[in-house]
Amino acid sequence: MSDKTPRQNDNEEIDLGQLFNAIGRLFEKLFNFIGKIFKGIFTTIILILKPLVEHFKLIAVVLMAAAVIGYVVDKFKEPVYKSNMIVKPYFDSKYQLVNNVDYFNALINSKNLKELSKVFEIDTLKSSNILEFEIEAGPETQNDLLIEYDEYLQDLDTSLVKDFSFEKFVENRDMLSSSIFSITAKSKSANIFPQLEKGFIKTFENKYSKKLKQKFDSIYGVEKANYLAQLQNIDKLQNMYIEIKTSEANNGKLQLSTGSLLPLSQEKVETKEFELFQEEVKIRQALKNLEEIKIEEQDYYDIIASFDEIGKKDSRALSKLTFLLPLIIFSIMVIAYALMNIFKFIKNYEK
């Protein structure tokens with residue numbers, strides 16, 4: 001027995017030693033792998049920067065020349081003016097609006113000045129000055145987004161409400177989720193912008209939006225007639241209660257015809273009167289809300305901010321060749337150098 005115990009301890013020590021050695025080799029491989037990654041990144045950066053350093057003078061001269069050429073071209077080319085219009089479409093006319101902006105740009109690119117003049121009701125000379133239209137979701141405050149989120153949750157299944165946070169709602173919104181849109185027009189003429197509104201106004205009154213408005217008007221008429229009928233019934237019941245009270249005051253007792261549904265005691269009559277008053281208040285409030293919705297959505301659109309009378313010069317850096325041309329030339333040089341190295345590698349490659 002005494003001989004077996006030391007041997008078992010020796011075996012355990014050998015096993016632990018092998019385990020620690022295996023763990024050590026594993027960490028060594030891991031650190032080597034991480035080191036190779038960093039070395040690869042560093043090597044890649046050096047390979048990218050090496051040709052820039054070797055040909056620094058040539059690259060600097062080419063980029064300077066490109067910047068000078070771009071500056072000269074910017075000085076002599078026609079200025080570009082732009083202006084924004086912010087609109088709020090109703091009756092789902094926003095879909096036609098986005099589609100029409102693409103259509104207008106297609107007309108501009110194809111030089112279809114006749115159709116462009118017809119759309120905006122301007123002559124071909126003015127329409128030839130139009131360069132581009134852009135559309136994006138309009139400016140929205142945090143409060144606007146919270147209201148939209150609350151309305152969205154009301155239409156959502158109750159089992160999904162807990163899992164759909166406000167941050168997720170904002171993240172998943174696209175341009176068409178907005179109710180307000182900003183339209184940017186670009187032109188070679190500074191005073192053409194107010195004349196472009198006519199083309200967009202016609203956009204809002206399309207077949208689909210007209211159909212939705214007719215449906216809305218029909219529903220409004222039915223609901224209003226229903227509320228008015230309920231008020232008439234309440235008014236009749238109130239007149240009956242007045243007659244009953246008058247009869248009580250004259251005779252000192254309550255007299256009802258056979259089969260009447262009205263209460264037999266004075267206390268119950270007063271309770272019913274109060275309930276009728278509460279119901280009348282509710283109906284009148286609902287009628288008021290209905291009228292407010294009708295007033296708010298009686299038009300196909302609202303122009304929140306019109307195009308400026310005189311457009312502003314487009315002064316963005318990327319729109320100027322002084323900055324854009326050197327960037328293009330540098331990109332071409334990088335691509336050309338990469339393709340040359342790839343060609344050399346393929347040509348000299350041996351299995």
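**Exercise 1. Find which residues phenylalanine 120 touches, and place this residue in the core of the protein.**

Solution. Begin with the contacts in this predicted model: once residues up to four places away in sequence are set aside, phenylalanine 120 touches Phe104, Ile130, Phe133, Gln195, Leu196, Lys198, Gly199 and Phe200. Next, turn to the largest nonpolar core, which has 30 residues and in which Phe120, Ile130, Phe133, Leu196 and Phe200 are those with the most contacts inside it. The elements giving two or more residues to this core are β1 (81-89), α3 (94-109), α4 (113-120), β2 (130-137), β3 (181-187) and α9 (197-204), and α3 gives the most, with six residues. Finally, Phe120 also belongs to one aromatic cluster, together with Tyr103, Phe104, Phe133, Phe193, Phe200 and Phe307.

**Exercise 2. Decide how the buried residues of α9 are arranged around the helix axis.**

Solution. First list the buried residues of α9, which are Glu197, Gly199, Phe200, Thr203 and Phe204. They cover an arc of only 160 degrees around the axis, and therefore they lie on the same side of α9. As a general point, an α-helix has 3.6 residues a turn, so residues three or four places apart point the same way.

**Exercise 3. Classify two aromatic pairs, one formed by tyrosine 103 and phenylalanine 104, the other by phenylalanine 204 and tyrosine 301.**

Solution. Planes under 30 degrees apart count as stacked and those over 60 as edge-to-face, while the rest are tilted. For tyrosine 103 and phenylalanine 104 the centres are 6.1 Å apart and the planes make an angle of 50 degrees, and the pair is tilted. Of these partners, tyrosine 103 is partly exposed, with a relative accessible area of 35%, whereas phenylalanine 104 is buried at 2%. For phenylalanine 204 and tyrosine 301 the values are 4.9 Å centre to centre and 20 degrees between the planes, and this pair is stacked. Because phenylalanine 204 lies in helix α9 and tyrosine 301 in strand β4 (residues 301-305), the pair ties together parts that are 97 residues apart in sequence.

**Exercise 4. Is serine 182 buried or exposed, and with which side chain does its own side chain make a polar contact?**

Solution. Start with the location, since serine 182 lies in strand β3. Its relative accessible area is 8%, so serine 182 is buried, the cut-off being under 20%. The polar contact joins the side chain of serine 182 to the side chain of asparagine 84, at 3.3 Å. Leaving aside neighbours within four places in sequence, the residues in contact with serine 182 include Asn84, Met85, Ile86, Glu134 and Ile135.

Definitions and conventions
Residues numbered from 1 in each chain as written. Predicted model: local features only at pLDDT ≥ 70, side-chain atom pairs only at ≥ 80, totals over all residues. Heavy atoms only, no water. Core = buried A, V, L, I, M, F, W, Y, C linked by side-chain atoms within 4.5 Å. Buried < 20%, exposed > 50% of the residue type's maximum accessible area, 1.4 Å probe, protein only. Helix = DSSP H or I, 4+ residues; strand = E, 2+ residues; numbered from the N terminus. Contact = heavy atoms within 4.5 Å. Arc of directions from axis to C-beta. Polar contact = N/O pair within 3.5 Å; in protein donor to acceptor, adjacent residues only side chain to side chain. Phe/Tyr/Trp six-rings, centres within 6.5 Å; stacked < 30°, edge-to-face > 60°.
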